Every structure is written in structure tokens, then in C-alpha cells.
Amino acid sequence: MTDLATPDDLILLNPGPACTSPGVRQALLRGDLCHREPEFAALLARLRTSITRCLGVPDTHETVLITGSGTAAMETAVIGSVRAGRKLLVVNNGVYGARLLAMAEAHGIETVVVQAPWTTPVDPVAIADRLRSDGRIDAVACVHHETTTGMLNPIAEIGAIVRDHEAVFLVDAISSTAIESPDLAEVGADIICGTANKGLHGIPGVSFLLLSTAKGVDRVAAVPRRSVYLDPAAQLAAQRAGDIPFTPAVQTCYALDEAITEYENAGGYPARVRLYRERAAVVRAGFARLGLPVLIEEPYRANSVTALELPTGVTYPALHDELKRRGYVIYAGQGRLSRTHFRIATMGEIPLPRLVELEGALEESIRHLAKTRGE
């Protein structure tokens, strides 16, 4: 069989990096700019304001831009959330919860773990019990959308619990920003991790923290310095003065600036969430018709990632390659799910007709693989 798709035809159905619009890609060509010039200071100020505005927290949070992927934002948040001699409570029910835990341990931060199965949202009562029983817990960290499985954790309920304690609430919203409900204003988290790509449809390479003025800003100022590059207090102080401590990804900032403009012109957060719900409905109806079981139960499913059971006798590498020939790039399952499941994400700039056509491409690929096995 010959290749049917060229790189320009490929639709990325992996959970980041996501497909981008022509306007966002064109923004990369605005030109070279020194980050010590007033033009960059104006871009930085504009992004710091527009990020909180477009995510619905302009009056309660302050933005800190970080040059690096979402993982850089996660690590900056972890090391900026716990004061000396205190503990971090980590919700661990997926690969990214485990990553938060690993980051804390790498920096010598003592941890408390609330564990749940990969297919089950954490029980907020378990977090409340730990906070009541251990006065040294200084922060609670939870992933909103675990892209490991496409599952959502109940961050609004957890936020309501943490609000009554001295601890701060740290949310990894990297794969849920502008995609999932509840919105960030309702959650009221103190330290929120986000990224330019994924739900905002920018270019990978810039991430950010949203620090609440109620608790988050004071907390990052109170923790010991645990990193040079990823020090949130130093980043915040410099950015408030219109500066940035280290060389930023200037062109990626241009692209984020354009992505936010396109996002707001299209209706902002409510419109983007509706878009992702519509996409999920389209592709999941096709999965049902093809008899592909979804790993996560309906009430807990994210809008943008679906973990599906591999058809009998079909390996992920074979299915990946067949779908890539037809113009779609899918993603493997993680950890213990790598042999039994694959993932399809609907993040980024994807024309709806291509998602409608995905069902046929999946059906053709599965049929072709069955034929090659002689079934």
C-alpha cells in the first residue's frame, strides 16, 4: 500500500502538540526582536493581561510566562508552592499526577499521596481527611485532565475544600485550559499551570502560571529558592517590571498573541468549550458504531481525549501506521495501557469534516489489518 497522506495533510490526534491555524503559524514571521527592547516589554505586558482575561480570571490572578513546555510550568508550580519544612499533597491517578510527585521528590519536598485508580476520579473526601489530620500539608496538587486516560478530576470540589485551609491549591490545567468545565474562576485555584498549545491553539514552547492574588502570589514569595531558571518569584518580579530573566521564545510569544486574538474573536471560553464538546460527540458516536470501547465512564470523560481499547489482534504500531497513511496521527496508551489501548485527541485547529471522516479511516484501517492477518 502506498502512502496516502503528505505532511501537510496530517491531522494530529495526539494530545499536544496540536494543529495550529495559518494565522498562528504566520505570526512566527513577525520578525526577530531582542527581549530587552520596549517592543517585547509591550508584548509581554499584553500577554500577561490577555491570558488572565481570556481564561476568565482577570481580577483574581496574575500571569507568569515561562519559556518551556507545560512540564516546565508544572515544575515551577511544584517548587513554588511549598514552604520549608512543609509537605505537598499530590493526587496520583495517572501519569501526570505521578510526574508532579516525581518533581517534588527530585527537589527534596516531602510528599503525601492520595492515590486512586487510573480510571477513577479522586474522592475529595480523602483530601479533606488528609488536610484535617496533617497540619504540615502546605499545598494540594491535582491534575484536572489526566490525558493518560482522558479522565477529569473534580477540581471544583477539591478547591472548595482547600479554600478553608492555609494550604494553596495547585492545578495542572495544561490539557484542560479553555477546553473543560468548570472554568477557572469557579475553581478558585491558587497556582494554575497552563500552556500556549492545546486548548489555546498556540505553538508549543511557552507555558504559564496563573497565581491568585489571594494566596498564590504570597506563597511563591515565601518558599525557598529551589531553582534558578524555574524560580516563580524571580520570574514574577521581573515580569512585573516589564522584563524577563532569561531569553524567551519571542516568536512563540507572537504566535500565542495571535492565538488568543483568534480565540477571543471566535467567542472565547464558552465557544471553545462548546466546540470541544461537539467534537467529542462526533468522534465518540463513530467509535460506538465501530464497537470500540471507551476506557473512561461517561460522567468522567474529558472533552478532548478518548482512550479506546485496541481491536482484537490489532497492535498500536500497526494501527498508527495505517491511520497515518490516511492522514491521521493517533497516540499510544501509556504505562500498563500501552498494549491494550490507544488514544485519540481532538485538540487544536481541526476542520470538522476531517473528524467526521475519521470513522471511515478507522474502519478501513482495521479492516485492512484484519485482511493482512488472513481473517
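## Exercises on two pockets and one annotated arginine

The second largest pocket is lined by 18 residues, and L152, S181, P299, Y300 and R301 lie nearest its centre. The structure is a predicted model.

### Exercise 1

Determine which elements and which classes of residue make up the lining of the second largest pocket, and explain why the pocket lies between two domains.

**Solution.**

Step 1. Identify the contributing elements. Two or more lining residues are given by each of α6 (155–162) and α11 (268–290). The largest share, 3 residues, comes from α6.

Step 2. Sort the lining by class. The second largest pocket has 8 nonpolar, 4 polar and 6 charged lining residues.

Step 3. Assign the lining to domains. Domain 1 (11–19 + 267–374) and domain 2 (23–265) both supply lining residues, so the second largest pocket lies between them.

Step 4. State the volume. The space in the second largest pocket is about 300 Å³.

### Exercise 2

Describe the largest pocket by its volume, its lining and its place relative to the domains.

**Solution.**

Step 1. Begin with the volume. About 370 Å³ of space lies in the largest pocket.

Step 2. List the central residues. Of the 21 residues that line the largest pocket, P15, G70, T71, I174 and K198 lie nearest its centre.

Step 3. Identify the elements. Helices α3 (70–79) and α4 (95–106) are the elements that give two or more residues to this lining. The largest share, 3 residues, is that of α3.

Step 4. Sort by class. The lining of the largest pocket consists of 8 nonpolar, 10 polar and 3 charged residues.

Step 5. Locate the pocket. Lining residues of the largest pocket come from both domain 1 (11–19 + 267–374) and domain 2 (23–265), and the pocket therefore lies between these domains.

### Exercise 3

Establish where R343 lies, whether R343 is buried or exposed, and which residues R343 touches.

**Solution.**

Step 1. Consult the record. In an unreviewed UniProt entry, the annotation "binding site" covers R343.

Step 2. Place the residue. R343 belongs to strand β14 (residues 341–345).

Step 3. Judge the accessibility. The cut-off for a buried residue is a relative accessible area under 20%. R343 is buried because its relative accessible area is 2%.

Step 4. Collect the contacts. Leaving aside residues up to four places away in sequence, R343 touches L13, P15, T147, T148, V305, T306, A307, I330, Y331, A332, G333 and Q334.

Step 5. Relate the contacts to Exercise 2. P15 is one of the residues that R343 touches, and P15 is also among the residues nearest the centre of the largest pocket.

How values were computed. Residues numbered from 1 in each chain as written. Predicted model: local features only at pLDDT ≥ 70, side-chain atom pairs only at ≥ 80, totals over all residues. Heavy atoms only, no water. UniProt positions renumbered as here; feature names shortened; annotations may be inferred. Helix = DSSP H or I, 4+ residues; strand = E, 2+ residues; numbered from the N terminus. Buried < 20%, exposed > 50% of the residue type's maximum accessible area, 1.4 Å probe, protein only. Contact = heavy atoms within 4.5 Å. 1 Å grid on protein atoms, 1.4 Å probe; cavity = no way out; pocket = protein on both sides within 12 Å on 5 of 7 lines; lining within 4 Å. Points joined across faces, edges and corners; volume = space filled by probe spheres on them. Nonpolar A, V, L, I, M, F, W, Y, C, P; charged D, E, K, R; others polar. Domains from an automatic or database assignment.
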